[in-house]
Amino acid sequence: MMSVGILFGMLFGIHWESLSFHLLGIAMLLESEAVESFTPLTFDYNTQVVVVGTSLLGFAGGAIGVLLLLRKRALIGDAIAHATLPGLALAFFVATALQIDGKSLWVLLPGAAITGLIGAMTVVAIRTFSPIKEDAAMGIVLSVFFGAGIAMMRIIQQMPDGYAAGLEGFIFGKTASMRFQDAWLIAVSGATIIGLLVLFRRQVELMCFDESLARTQGWPVTLVDIGLMAATTTIVIVGLQAVGMILIIAMLVIPAAAARFWTWRLWPTIATSSFIGCIGAASGAIISTMAPRVPSGAAIVIVLVILFSFSALFGRKNGTVWRWARRYQQRRETDQQHLLRSIYEWLELKGSKPHDFGQTRSESFLLNDLEFVRNWSPLRLARTANRFQRDGLLLQLSQNRWALTATGIQQCVRAIRQHRLLELYFAQIANLSPEAIDRGADYSEHALNDQMLAELERDIAGASIGYAVPDSLHPIGNVQSLNHQSRNEANP
Amino acid sequence: MAISIRAMTVAYQRKPVLWEVNLDIPTGKLVGLVGPNGAGKSTLLKAILGMVPTIGGSVSIFGLDYQDVRSRVAYVPQRSSVDWDFPATVRDVVTMGTYGSAGWFWPLTKRERNRAHEAMEQVGILDLANRPINQLSGGQQQRAFLARALAQQADLFLMDEPFAAVDAATERAIVDCLRRLQELGKTTLVVHHDLHTVPEYFDYLVLLNVRTVAVGPMAETFTDENLQRTYGGRLTILDEVSEAIRRREAARP
């Protein structure tokens, strides 16, 4: 089965404009010879067809799910799914009365489709013709139809000869009860939907992003929309057996939601979502085939949720772990700049400011003293200082006494220059108050790049400053505890 | 005439939004569409494009029915009309402008890609081409929309508040772009809010407040009297009529 995954994985490397041909090719491959060429474990031919069929369903569900999510219509699939139950039961009654095989999909699925669509249309009708909003309408339709279905199922269960055996598979999903023809039906439906989506990719894209543009370009938006709903209904109906009506919504929503963590473009999102849906559906089907007592719907959802959690944590575009890592990195860099600046400010206060003209080691200072210019906990001070020592910026002379190395002096002067140039900029150009200046500079200096720095030097400092460090515009350190009149006098 | 509207009326739930609007816009003009809130400016654009149902009246564009000149008209909707969290890059969005002429199924050709490229260049967002649209500022979003319309290579542009809440650089880029379109002989109709810049940006003016108050070249139309008539006295009779209708409906058992 992994080879299916590898095949779909190859999709990520291809050029997206030619996606259509690859997708079609793979779909055709799966339909024709591929079934024989996969000989995994000890699955018989029937099982293989079931697994391939279910994966194609997952593939199509993942793709359609992205579109539903983008159109904010995802839950309509859930309404359709729940509304299929009375249809299944009714179809079973009718078939039994006519003495046809009541468990044939050709009898059950049309019944499911009819009430499913009636359910969806009821939601739309309630929303359009009454002041009730869509979510409430969905809640009403979903529960009423499902309740009616459950009542009918009870009646079927009480019919003689255990007729109902197998029908409950539609509620929770049971791939083990799937027959060869059922799997083919699923596979063909899935492949058809994927084919149509590839064919009408631009129309669908336009409709999902900006309907007004699609209309002004003359595309039949309403028809495309109906097509999307038809595809949703088809996936829900043919997926009933594999996933079950309660959980089929997971096939539409979870892969699509997970895919958003990996990419910021539409077709890669759809491909990723399809891939996730495919893996989820295939593994669920395999699990359920090997352990027939595990409902396949549950197995599929569990696999999907694992894939979703992985995406949410490690997704390249928005994954939590990367975001944390980025934030941690940023904080660390900010801390380092702050400490460097504090060291400079402290030494400046003491009248021995470091300079990078041949000075190889700055005056020493006590780490505790830095608390005066930067209000950090001793632990945070020590941690940052230790990191500096590792990087060769600081030198620990004794227990608490430190000094800047030559590299340290360089970086220190650079950090303070950036800060003070920005302060000058805010004072001269943006006309901020002195209190706001320090904060403004503090906030923006970490985003400065070399080019912006060069512009600052040219615009603000000009030739008058050269490479020197400008004086601070405000008193340094904790003014309440110590008085620094000299600084205040310089800047009335 | 680029646009010619006769006796067009549009109503939302019995409240008239546009009332017997008559309007002629000559080809090649840069037109400002100005009026107070609720004057029906956006609705007028949508009605021209057949996107809202009209109760009566007719629209002709370049002397023809809109359906027959569709490809010669580009529409720039309000920025807020789409979800900017949509997974797409700036290039993707701009390329969408070329879909109308790209046919149903076949992959896009170099021609479409070049058109998107040129459009981005013209509004100065080429360096943003590969940036996801959810990372754009408001002004950048607006420029992306403008580029999308340019990529359509239309002859008539309808823009709904392109200057709303954009930065100075974007405003300048849009104005430059509008001027260039006029030099190429294109017609542009722009919904605009800022009365200070109206005479500077446009050379033709439509003052709208449910009805067309005045239409004509800027110098003749942008007068205190016309502005007073547009913004000052509301069309009180219409207001009263719709209020009366509302009250009567509410009084029904």
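## B:Thr89 and its neighbours

Contact here means heavy atoms within 4.5 Å. By that rule, and leaving aside residues up to four places away in sequence, B:Thr89 touches seven named residues on two chains: A:Trp264, A:Arg265, B:Ala129, B:Asn130, B:Arg131, B:Pro132 and B:Ile133. The model is a predicted one.

B:Thr89 sits in the loop between β5 (73-76) and α3 (90-96) of chain B. Is B:Thr89 buried or exposed? B:Thr89 has a relative accessible area of 7%. Buried means under 20%, so B:Thr89 counts as buried.

B:Ile133 returns the contact. Not counting residues up to four places away in sequence, B:Ile133 touches B:Thr89, along with B:Trp84, B:Phe86, B:Ala88, B:Val90, B:Val93 and B:Gln141. The list for B:Ile133 also includes a residue of chain A, A:Phe209.

## The interface of chains A and B

On the chain A side, 27 residues are in contact with chain B; on the chain B side, 35 residues are in contact with chain A. The size of an interface is often given as the accessible area lost when the parts come together. For chain A and chain B that area is about 2,900 Å². Carbon and sulfur atoms account for 61% of it.

Polar links cross the interface too. The rule finds 16 residue pairs in polar contact there, both residues at pLDDT 80 or more. Three elements give two or more residues to the side of chain A that touches chain B: α10 (201-209), α11 (211-216) and α14 (266-290) of chain A. α10(A) gives the most, with seven residues. By class, this side of chain A has 12 nonpolar, six polar and nine charged residues.

Salt bridges also span the interface of chain A and chain B, and the rule finds three. B:Asp92 and A:Arg265 form a salt bridge, with the closest N and O atoms 2.4 Å apart. A:Arg265 is also among the residues that B:Thr89 touches.

## Nonpolar cores

The largest nonpolar core has 135 residues. Which residues touch the most other members? They are A:Phe170, A:Met245, B:Phe86, B:Val90, B:Ile133 and B:Phe202. Helix α4 (residues 45-70) of chain A supplies the largest share of this core, 12 residues.

There is also a second, separate core of 31 residues. Its members include B:Ile3, B:Val21, B:Leu23 and B:Tyr75.

## Chain A as a whole

Chain A has 21 helices and three strands. Of its 492 residues, 49% count as buried. Now take the contacts in chain A between residues at least 6 apart in sequence. Of these, 72% join residues at least 24 apart.

## Salt bridges within the chains

Over all chains, a search of the whole structure finds 13 salt bridges. A:Glu211 forms one with A:Arg71, the closest N and O atoms being 3.2 Å apart. This pair links distant parts of the chain. A:Glu211 is in helix α11 of chain A, while A:Arg71 is in the loop between α4 and α5 (74-97), 140 residues apart. The two ends differ in exposure. A:Arg71 is buried, at 13% relative accessible area, whereas A:Glu211 counts as partly exposed, at 30%.

A:Glu211 also forms a salt bridge with A:Arg215, again with the closest N and O atoms 3.2 Å apart. Here both partners lie in helix α11 of chain A. They are four residues apart, about one turn of the helix. A:Arg215 counts as partly exposed, at 35% relative accessibility.

Chain B has a salt bridge between the side chains of B:Asp155 and B:Arg72, at 2.7 Å from N to O. This pair, too, links distant parts of its chain, with the two positions 83 residues apart in numbering. B:Asp155 is in the loop between α5 (138-151) and β6 (156-159) of chain B. B:Arg72 is in the loop between α2 (66-69) and β5 of chain B. B:Asp155 counts as partly exposed, at 26% relative accessibility. B:Arg72 is partly exposed as well, at 32%.

Some salt bridges share partners. In chain A, such bridges join A:Arg71, A:Arg73, A:Glu211, A:Arg215 and A:Asp225 into one network.

Methods:
Residues numbered from 1 in each chain as written. Chains lettered and ligands numbered in written order. Predicted model: local features only at pLDDT ≥ 70, side-chain atom pairs only at ≥ 80, totals over all residues. Heavy atoms only, no water. Buried area = accessible area lost by both parts, 1.4 Å probe. Salt bridge = Lys/Arg side-chain N within 4 Å of Asp/Glu carboxyl O. Polar contact = N/O pair within 3.5 Å; in protein donor to acceptor, adjacent residues only side chain to side chain. Nonpolar A, V, L, I, M, F, W, Y, C, P; charged D, E, K, R; others polar. Core = buried A, V, L, I, M, F, W, Y, C linked by side-chain atoms within 4.5 Å. Buried < 20%, exposed > 50% of the residue type's maximum accessible area, 1.4 Å probe, protein only.
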